[in-house]
Each structure stands twice: as structure tokens, then as C-alpha cells.
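Biologist: I'm new to this one, so could you walk me through it? Let's take it a question at a time.

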Amino acid sequence: MEWTEVKIYTEHTGVEALSDALIAAGIDGLMINDPEDIREFERNKNASWDYIGEEVWELCGKDTFVTVYLDKDDPTGLEAVRGAVDSLKSRTDVGSLEMKFGTVADEDWANSWKRFWKPMEIGNRLLITPSWEEVPENTGRVNITLDPENSFGTGRHHTTRLCLELLEKYVKQGNTVCDLGAGSGIISIAAMLLGAESATAVDISADAAKTSHENARKNGIPDEKYTAICGDVTTDRALVEKISHPGGYTLVTANIVADVLIEMAYVFKKLIAYDGILILSGIIDNRKDEVFEVMKAYGFELIEEIGCEMWNAAVFLS
């Protein structure tokens, strides 16, 4: 089946009026593309906006428009859209109301977004490639096959990139790794592909734990070397005991946000080996000193920090 795609260009001030007019005309499904919504979300200091990455802006672009999809064989839908648009043309706050038309086939829905995800180099040693792309040859890099999922962690956000850049520098052959807040598993999987002996990935989301395990398998990591667990180490002391490693993990990572990193400080101390490496990321500029002071209070020594824009990552020695 084919659908007629209609994009109606407006302004931020006209989105609500245009949407209301379309709904009143009997149009059931709308897609709103308004960059100002993302800007407002970023300005909201109480919002969980840490993981808005470049791909969001790539998808959103600069224009504000409302998109509707109509049965190509039913002209009544298009007539309803034109009527809704005409009813607003006397207003000065709704933009041009220019309409652009296209055709979309059913099978395109599942695949059209994939054009935004290409092989991506990170640091000096890593390459992240979605499964539908060919792995580039002769890069000299360690490839991680990773598809976008519901869980965070594709390598595109600054926090993940910073964490991976430090990881490739500090991971050693035979490391035992614990990744807290694992998301897609990208950090622990990278550690394994760079030479770690085993990894435990923990996330409060059951979907994330499942996804990280599946991603490990996609990258050829055997089940006996990789454990994915769902749980909250900040509240579940039994879980902390369960995931503890004899002698402690030689490498512990956490790419989350400042408040959670601070709350996890005692967990890091509980899980890490003497002289173990702790890599933290997801630290915004105005929380860096606070996070570092808490880690110092727990006996961790800061040995390196890096940053990008407002984000910071750091390496500590236990």
C-alpha cells in the first residue's frame, strides 16, 4: 500500500492552531516537527535531557512542519487537509502553510531512518557500525556492531564518546569489567573487544539488560564471558553482593549523570579491586567539582579528565 505524505510548513506559534484544524477536519494521525520543542527541552534544567545527541538535530532539521499521511486512493483525506489549511490563511502567526507532497510505501517506514546511521570512528581504536552497513576494510580499528535500540548508547552522544576514548586508553588484556548503567552495552562490549577477560553489565531497565546481552552475542562474545543483569545497585545491596567479583573488578565504568554517580560512589568502592581503574562519564560542567570531591572522599585518586562542550569524563585509581 502507498500513502500520500503531506508536509505543511508553519512556525512554532502556528503548530497548535494547525494541528487543531487538521484534527477538526477528521485527520487522525499527525507528526509534528518543531525544533523549538527541543530547544525548550534543553533550556529546562529540571528535564532529563542529558542524552539529546546530534542525531536528534539531524532528524529534526531547522524547519517547523506538520506531516500527515493519507490513503493515496482516497481523495477525501486530501480535501480535508486543504480545507483545514485554507481555514487558517487569514492568520499571521501560522507561517507560510506551504504544502509539499510525497509518496511513501509501507516498507519504507521501517527502513527510512537508517540512512542517518553510518559507520562511526571513535577515538584511535574503535569503529561502530550498524548491522545493515558494510564494515569498512583496512581501518585498523576494532569494530563494534551496534544498532540503535530503545536503550541509550550508540556512541553518538558526547558522554559515550568520552567514555569510550578513555576506555580504549586504559583497558588492559585480562581486565574484569563491571559497567553500571550499561544501556546498549556499548562500553562493556568495547572493553571485551579490546581485550578484557569478562564483563558484567548492569542496568535498571530490563530492556537494556536484554539488549546489551543480545549486542554482546552479535559481537561474538560468548555467554560465559558476558553477564547482563537488571537491577538498581543504589537500592539493592543484595544485588551488589551478587555481582561482586573475587578480589574486585579491575575496571569499573559508569556513564550516567552526576546525581547517580554520586549515589553510586559506595558501590564503586565495594566493587573495584585495589589499584583498579574507575571511568566515569556523563558529568556536566557545573557538577564536575562536586562529583570529583565525592570520589576523593571515597578514596579515589583522579588521574585524568577530558571534556567536550559541557560534558566531562574522568579516570580514577582506587
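Biologist: In which sense do S12 and S14 pair, parallel or antiparallel?
Modeller: Keep in mind that this is a predicted model. Leu278 stands opposite Phe316 in S14. S12 and S14 are joined over 7 bridges, and the sense of their pairing is antiparallel.

Biologist: And S13 with S14: which residue in the turn of their hairpin has a positive phi?
Modeller: S13 and S14 also share 7 bridges in the antiparallel sense, with Ile306 standing opposite Ala313 in S14. The two strands form a hairpin with 2 residues between them. In that turn, a positive phi of about 55° belongs to Glu309.

Biologist: How many residues of S14 are buried?
Modeller: Buried here means under 20% relative accessible area. By that cut-off S14 is mostly covered, and of its 7 residues the buried ones number 6.

Biologist: Which strands are the edges of the sheet?
Modeller: The sheet is open, has 7 strands with mixed pairing, and follows the order S10-S9-S8-S11-S12-S14-S13. An edge strand pairs on one side only, and here those are strand S10 (226-230) and strand S13 (301-308). The twist from one strand to the next averages 15°, but the edges you asked for are S10 and S13.

Biologist: Over at S10, which helix packs on the sheet there, touching S9 and S10?
Modeller: Strand S9 (residues 198-203) runs parallel to S10, joined to it by 5 bridges. Ala201 has Ala228 as its bridge partner in S10. The helix touching both strands spans residues 206-218, and its direction makes about 170° with that of S10: it is helix H8.

Biologist: How many residues does the largest nonpolar core have?
Modeller: Among the elements that each supply at least two residues of this core are helix H6 (158-170), S9, strand S12 (272-284) and strand S14 (311-317). The residues with the most contacts inside it are Ile128, Leu164, Leu167, Tyr226 and Ile279. Tyr226, for instance, is in contact with residues including Ile189, Met192, Ala199 and Ala201. Another core lies apart, with 29 residues, among them Leu239 and Phe268, while the largest core has 35.

Biologist: One last spot: why does Asp34 count as buried?
Modeller: Asp34 is found in the loop between strand S2 (31-33) and helix H2 (35-43). Its side chain is joined to that of Thr64 by a polar contact of 3.3 Å. The cut-off for buried is under 20% relative accessible area, and Asp34 is buried because its value is 5%.

Note on methods
Residues are numbered from 1 along each chain as its sequence is written. This is a predicted model: local features need pLDDT of at least 70, side-chain atom pairs count only at pLDDT 80 or more; totals for chains, interfaces and linings use all residues. Side-chain values use heavy atoms; hydrogens and water are left out. Two strands pair if DSSP finds at least two bridges between them. Helices (H or I, at least four residues) and strands (E, at least two) are DSSP runs, numbered from the N terminus. Axes are lines fitted to C-alpha atoms, for helices over the stretch in contact, and angles run from 0 to 180 degrees between N-to-C directions. Contact means heavy atoms within 4.5 Å. A nonpolar core is a set of buried Ala, Val, Leu, Ile, Met, Phe, Trp, Tyr and Cys residues joined through side-chain atoms within 4.5 Å. Buried means under 20% relative accessible area, exposed over 50%, partly exposed in between (1.4 Å probe, protein chains only). A polar contact is a pair of N or O atoms within 3.5 Å; within protein, one must be able to donate a hydrogen and the other to accept it, and residues adjacent in sequence count only if both atoms are side-chain atoms. Lists of a residue's contacts leave out its neighbours within four places in sequence.
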